[in-house]
Amino acid sequence: MKLRVIHETVYHYTPAVQNAQHMAHLRPRTDLVQRVLTHSLQVEPAPTQCHTMEDVFGNTRAFFSLPFTHDALRVRAESLLETSNPPVAPPGEPWEMVRERLCYRSGLPYQPAAEFGFASPYIPRHAEFVAYARESFAPGRPLMEAARDLMSRIYADFAYTAHATDAGTPALESLRLRRGVCQDFAHVMIGCLRSMGLAARYVSGYLLTEPPPGQPRLVGADASHAWVSVWSPPPDGEREGSDPAGNTEWFDLDPTNDRAAGEDYVTLALGRDYSDVSPVRGVIHGGDHHVLQVAVTVEPATASPAAPATGDAPADTAPLTPSTERENPG
């Protein structure tokens, strides 16, 4: 599948910002199941400095500086990608065996996946996660079978409610509320897996959505998305060839939609939780109040251009600090 993704973020500040430093995760990753063909990033007003680098998780980060007065900021990323269906996840080893492989033992090789088993800023390891997850993790159950059951339970037990949480809501609060958006569903599932001694990553990206029958695809009507990547290695002695990042050992599950990720998903960045991969964040001087507008378009590259959206672009005007962007996750 060939997909075009346009992600536009606009801030309006009152009073004007005097100077600003920003960081963006807006370039999709290239891996075994997706390849970036073209990518562009436009910033208005034009920054005095702009450069990119790879972070510790292999994501591309862009840094840009605006050391001058401005009352608005527009960041537009456009990407063209080829995607394919990822390998189907095998049932995997019993989850307890995978947990043991993540335990530290003196003299044994370091397991890179272990870093995704620890607590992170939004996701603690906690007994409440264990209590919720235990129903899915019967003794001896294959890991991916247990993980898929956990995903389905979150999908059934939690209500998708757009404004029940915000960008800073901790995973434990989302678990107690039993409601939220895709960021919260992903955080809760990761919290359950890590609290059971397993490794899981937070994945940010996009999902191709189809408009209602007879309706045109609208520019900006889509949203960013989030899901979970579970570490499920092949049994010792049966390791298949994989790329250096070990992507064949990671399998993506989407608790918001109760399904595995497919060729209609675009991976933007991955990390421990949302704090590692927020699309746009920064430090500003001034701009005590702001309005945030986010418009995302995901469409087949062979499709006719999307029809212009009517009305305002999707916006989230919840009380956020200027340093963190919260979108309308899909």
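1. Let's start at a strand pairing: Gly 205 stands opposite Thr 267 in strand 12. That match belongs to an antiparallel pair, in which six bridges join strand 8 (residues 200-207) to strand 12. Both strands sit in an open sheet of five, ordered 11-10-9-8-12, with antiparallel pairing. Its edges are strand 11 (259-260) and strand 12 (265-271), each of which pairs on one side only. As a general reminder, strands of a sheet pair through backbone hydrogen bonds, either parallel or antiparallel.

2. Before going further, please keep in mind that this is a predicted model. The protein chain has a mean pLDDT of 87, and 86% of its residues reach 70 or more. Two stretches deserve your caution. Over residues 240-246 pLDDT stays under 50, and the model has five contacts there beyond four places in sequence. Over residues 308-326 pLDDT also stays under 50, yet for this stretch the model has 57 contacts beyond four places in sequence. I would read the contacts of residues 308-326 with that pLDDT in mind.

3. Now the overall picture. The protein chain holds six helices and 14 strands, and 49% of its 330 residues count as buried. Take the contacts between residues at least 6 apart in sequence: 77% of them join residues at least 24 apart. The chain exposes about 14,800 Å², of which carbon and sulfur atoms supply 54%.

4. Strand 4 is a good place to look next. Which strands does strand 4 pair with? One partner is strand 1 (residues 2-27), joined to strand 4 by six bridges and running antiparallel to it; here His 22 stands opposite Phe 64. Another is strand 3 (residues 49-54), again antiparallel and again with six bridges to strand 4; here Gln 49 stands opposite Ser 65. Strands 3 and 4 form a hairpin with five residues between them, and Gly 58 in the turn has a positive phi of about 85°. Strand 4 itself (residues 60-66) is mostly covered, with five of its seven residues buried.

5. On to the nonpolar interior. The largest nonpolar core has 51 residues, and those with the most contacts inside it are Phe 137, Leu 150, Ile 154, Met 189, Leu 193, Val 228 and Val 230. Helix 5 (residues 182-195) gives the largest share of this core, eight residues. If you would like one residue to centre your view on, try Leu 193. Setting aside neighbours within four places in sequence, Leu 193 is in contact with Phe 137, Leu 150, Leu 198, Ala 200, Val 228 and Val 230. A second, separate core has 26 residues, including Leu 26, Val 36, Leu 208 and Ile 284.

6. Next, the charged pairs. In general, side chains of opposite charge can pair when their charged atoms come close. The count here comes to 15 salt bridges. In one of them, Arg 35 meets Glu 82, with the closest N and O atoms 2.7 Å apart. What does this pair tie together? Arg 35 lies in strand 2 (residues 34-44) and Glu 82 in strand 5 (residues 70-83), so the salt bridge ties together parts that are 47 residues apart in sequence. Arg 35 is partly exposed, at a relative accessible area of 43%, and Glu 82 is partly exposed too, at 31%.

7. A helix-to-helix example is worth a look as well. Arg 176 forms a salt bridge with Glu 128, and their closest N and O atoms are 2.7 Å apart. Arg 176 is in helix 4 (residues 171-177) and Glu 128 in helix 2 (residues 127-133), so this pair ties together parts that are 48 residues apart in sequence. Are the two partners buried or exposed? Arg 176 is exposed, with a relative accessible area of 52%, whereas Glu 128 is partly exposed at 30%.

8. Two last items on charge. Arg 141 and Asp 149 meet through their side chains in a salt bridge at 3.7 Å, N to O. Asp 149 counts as partly exposed, at 25% relative accessibility. Finally, do take a look at the network of salt bridges that links Glu 8, Glu 44, Arg 74, Arg 76 and Glu 78.

Definitions and conventions:
Residues numbered from 1 in each chain as written. Predicted model: local features only at pLDDT ≥ 70, side-chain atom pairs only at ≥ 80, totals over all residues. Heavy atoms only, no water. pLDDT = per-residue confidence, 0-100. Contact = heavy atoms within 4.5 Å. Helix = DSSP H or I, 4+ residues; strand = E, 2+ residues; numbered from the N terminus. Buried < 20%, exposed > 50% of the residue type's maximum accessible area, 1.4 Å probe, protein only. Areas by Shrake-Rupley, 256 points an atom, 1.4 Å probe, with all protein chains shown as cover. Salt bridge = Lys/Arg side-chain N within 4 Å of Asp/Glu carboxyl O. Core = buried A, V, L, I, M, F, W, Y, C linked by side-chain atoms within 4.5 Å. Pairing = 2+ DSSP bridges.
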